[in-house]
Amino acid sequence: MNKVYICDSDDINLEASLDGGQAFRWWGDKEKYRGVIRDNVYIISKENSSIYIENLTSEINNKSLSELKVYLGLNFNLKKFTNHYKEQNYIYKLILSNQGLRILHQDPWEATISFITSSVSNVLKIKNNINKLSSIAGNKIGEGMNDYTFPTAKKIFELGESELRKIGFGFRSPYIIDAAYKNMKNQIDFQKLREIEYEKCLNKLLEVKGIGKKVADCIMAYGLGRRDVFPVDRWVRRGLVNRLKYKNIYTNEKLSDLARIKFKNDSAYIQQYIFYGEKTS
DNA sequence: ACTCAGGGTCGAC
DNA sequence: GTCGACCCTGAG
């Protein structure tokens, strides 16, 4: 429908932010992506030196534009962040060479299922799983093959483990059912999880089968908007050990705790730049 | 055709 | 704390 200017092209790197392993519903190629945020289909594109966003399902107004900026993480002061690390060679180079990489603020429920799905998988497979699930159990909201809302917990629960296995979730299927059951029974209050201290939030998420510390950290970073978390996977581990000289004997959980204490509220962003940098180099 | 590895977690010892 | 098992699929 209407297409509006949202920011300068220097403000956000679309490929790194939308299709770099934190969100799994954007399809496109470097300068143009189509995807779903909650119940709207969007096209986000770079044209000349501007970023535009088009809503294919309803009109964009001031309120929804403001929400889109929140989703894209545009409220985070990237310039200040960048400047703060200018003395730290490895991190500063990562920030400069991936300029505009931002952490998205996704729907926490979708992030929960996405990162349970991410275990020993890869970005393409996660995307295929999540989008197929949406096309089977979500609501159709557009003409594109991936224009579906992300399914509710109830819909996923009703689908059942065997159907999830047919979609290709494999051994993660019972985990997803457990998450769906707990969410359906209102055992997970995402709004409350945004505000409580890290350890309590972590322990609550760990109650769900298939959520360990790494997945919980991702849910907190990408779904709950928490920046005081440092997810450590095999890629981030490489950066921490090989470049920042953390000890190789430490487990990923230990590395996460150490980095979290060091980087405090910059943790999620530092982690994101290390992850993306290590994965694409 | 065949092997490898990908944003880990679980349960048993 | 350590270790094998766990599903699937694109890439080489």
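The buried residues of helix H13 pack against three other helices: H4 (89-97), H14 (252-263) and H15 (267-280). Helix H13 itself covers residues 234-243. Its buried residues are Val236, Arg237, Gly239, Leu240 and Val241. An α-helix has 3.6 residues a turn, so residues three or four places apart point the same way. After H13 comes Lys245, which has a positive phi near 60°.

These details come from a predicted model. In chain A, the secondary structure consists of 15 helices and five strands. The radius of gyration of chain A is 18 Å. A compact globule of 281 residues would have a value near 19 Å, so the two agree. Along the principal axes, the C-alpha atoms of chain A fill a box of roughly 50 × 45 × 35 Å.

Burial, contacts and surface were then considered for the whole chain. Of the 281 residues in chain A, 53% are buried. Contacts between residues at least 6 apart in sequence were also examined. Of these, 64% join residues at least 24 apart. The accessible surface of chain A comes to about 13,400 Å². Carbon and sulfur atoms account for 48% of that surface. Chain A carries 45 positive and 33 negative charges. The mean positions of the two sets lie 5 Å apart.

The five strands form an open sheet. Their order is S1-S5-S4-S3-S2, and the pairing is antiparallel. Strands S1 and S2 are the edge strands, since each pairs on one side only.

The sheet can be followed strand by strand, starting from S1. Strand S1 (residues 3-8) pairs with strand S5 (residues 50-55) over five bridges, in the antiparallel sense. Two residue pairs illustrate this pairing. Lys3 has Glu54 of S5 as its bridge partner. Cys7 has Ile51 of S5 as its bridge partner.

Strand S5 also pairs with S4. Six bridges join these two antiparallel strands. Within S5, Asn55 stands opposite Tyr42. The hairpin of S4 and S5 has two residues between the strands. In this hairpin, Asn48 takes a positive phi near 55°.

The next pairing joins S4 (residues 40-47) to S3. These strands run antiparallel and share six bridges. Val36 has Val41 of S4 as its bridge partner. Two residues lie between the strands in the hairpin of S3 and S4. Here Arg38 takes a positive phi near 50°.

At the other edge, strand S2 (residues 27-28) is joined to strand S3 (residues 32-37) by two bridges. The two strands run antiparallel. Gly28 stands opposite Tyr33 in S3. The hairpin of S2 and S3 has three residues between the strands. In it, Lys30 takes a positive phi near 60°.

Ser9 lies in the loop between S1 and helix H1 (14-18). The cut-off for a buried residue is under 20% relative accessible area. Ser9 has a relative accessible area of 15%, so Ser9 is buried. Which residues does Ser9 touch, not counting those up to four places away in sequence? They are Lys46, Asn48, Ser49, Ser50 and Ile51. Asn48 is also the residue with a positive phi in the hairpin of S4 and S5. Ile51 is also the bridge partner of Cys7.

Positive phi values also occur in two loops between helices. Val120 is found in the loop between helix H5 (108-117) and helix H6 (123-137). Its phi is near 45°, a positive value in a residue other than glycine. Is Val120 buried or exposed? A residue counts as exposed when its relative accessible area is over 50%. Val120 reaches 63%, so Val120 is exposed.

Asn186 lies in the loop between helix H9 (173-184) and helix H10 (190-193). Asn186 is likewise a residue other than glycine with a positive phi, near 55°. Its relative accessible area is 68%, so Asn186 is exposed.

Note on methods
Residues numbered from 1 in each chain as written. Chains lettered and ligands numbered in written order. Predicted model: local features only at pLDDT ≥ 70, side-chain atom pairs only at ≥ 80, totals over all residues. Heavy atoms only, no water. Helix = DSSP H or I, 4+ residues; strand = E, 2+ residues; numbered from the N terminus. Rg over C-alpha atoms; globule rule 2.2 N^0.38 Å. Buried < 20%, exposed > 50% of the residue type's maximum accessible area, 1.4 Å probe, protein only. Contact = heavy atoms within 4.5 Å. Areas by Shrake-Rupley, 256 points an atom, 1.4 Å probe, with all protein chains shown as cover. Lys, Arg positive; Asp, Glu negative; His and termini not counted. Charge placed at Lys NZ, Arg CZ, Asp CG, Glu CD. Pairing = 2+ DSSP bridges.
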